[in-house]
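Biologist: I should like to learn how to read the features of a protein model. May we go through one together, step by step?

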Amino acid sequence: MKKWKAKKAYCKEGHKHDSLAEAKRCDELHEMQAVGYIDDLIVWPQFFFVVNGRQVKHDNGRRVGMKPDFQYFEGDKNVVEDVKGFKTAEYTLRKAIFKALFPHITFVES
C-alpha cells in the first residue's frame, strides 16, 4: 500500500516500513522493550474481524481485518499502535470496527 508522500525506510531491526516515522517509532519501541518499559513487541500484528461468530469476508473470500503497525504490553495494558500521517476513510472505518470488536485493547495513533 502506498502512503501519501511517504518513503519506505528501514528500522535498526531491519524491518522495511512504509514511512520514516514508522521506522523511527519501531526503533523507539525496541529500545523501550530493551529497558523493560514494554513487553512482547510485535511488528505488524494481524487482527481479523469476526461478528456474531462469523468471519467477515470480502466478496472474493478474503478475510477482513486490520494490520496495525505495532502491538505490545505496557504493564497489564494490551496496546495496539498505528503510525499515521494521512487517515483515509477506509482506515477510519477499520479503526472504528477494531475498537468495537477489541474493546480490551488500547488503540493508539502516533
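Modeller: Certainly; please bear in mind that this is a predicted model. Let us begin with a helix and the strands beneath its path: α2 lies across β9 and β10, and its direction makes an angle of about 155° with β10.

Biologist: Which strands does helix α1 lie across?

Modeller: Helix α1, residues 20–34, lies across β3, β8 and β9 (77–82). Relative to β3, α1 runs at about 160°.

Biologist: In what order do the strands of the open sheet follow one another?

Modeller: To read a sheet, one lists its strands by neighbour. Here four strands form an open sheet in the order β3-β8-β9-β10, with mixed pairing. The edges are taken by β3 (39–43) and β10 (106–109); each has a single partner strand, so one side of each has no neighbour in the sheet. On average, neighbouring strands are turned by 25° against each other, direction ignored.

Biologist: How many bridges join β3 to β8, and do these strands run parallel or antiparallel?

Modeller: Three bridges join β3 to β8 (residues 70–74), and the two strands run antiparallel. As an example of a bridge, Ile42 has Gln71 in β8 as its partner.

Biologist: Which elements give two or more residues to the largest nonpolar core?

Modeller: A core is read as a set of buried nonpolar residues joined through their side chains. The largest one in this model has 12 residues, among them Ala23, Cys26, Leu29, Leu41, Phe70 and Tyr72. The elements that give two or more residues to this core are α1, β3 and β8. Of these, α1 gives the most, with three residues. A second, separate core of 10 residues includes Val64, Met66, Tyr91 and Phe107.

Biologist: What does Tyr72 touch, leaving aside residues up to four places away in sequence?

Modeller: Its contacts include Arg25, Leu29, Ile38, Leu41, Lys77 and Val79.

Biologist: Let us turn to a single residue of a helix. Where does Thr92 lie, and why does Thr92 count as partly exposed?

Modeller: Thr92 lies in helix α2, residues 89–101. Partly exposed residues fall between the limits of 20% and 50%; Thr92 counts as partly exposed because its relative accessibility is 42%.

Biologist: Which backbone oxygen does the side chain of Thr92 reach?

Modeller: The side chain of Thr92 reaches the backbone oxygen of Thr88, at 3.0 Å. One may also compare sequence with space: Thr92 and Gly53 are 39 residues apart in sequence, and 23 Å apart in space from C-alpha to C-alpha.

How values were computed
Residues numbered from 1 in each chain as written. Predicted model: local features only at pLDDT ≥ 70, side-chain atom pairs only at ≥ 80, totals over all residues. Heavy atoms only, no water. Buried < 20%, exposed > 50% of the residue type's maximum accessible area, 1.4 Å probe, protein only. Polar contact = N/O pair within 3.5 Å; in protein donor to acceptor, adjacent residues only side chain to side chain. Pairing = 2+ DSSP bridges. Axes fitted to C-alpha atoms, helices over the stretch in contact; angles between N-to-C directions. Contact = heavy atoms within 4.5 Å. Core = buried A, V, L, I, M, F, W, Y, C linked by side-chain atoms within 4.5 Å.
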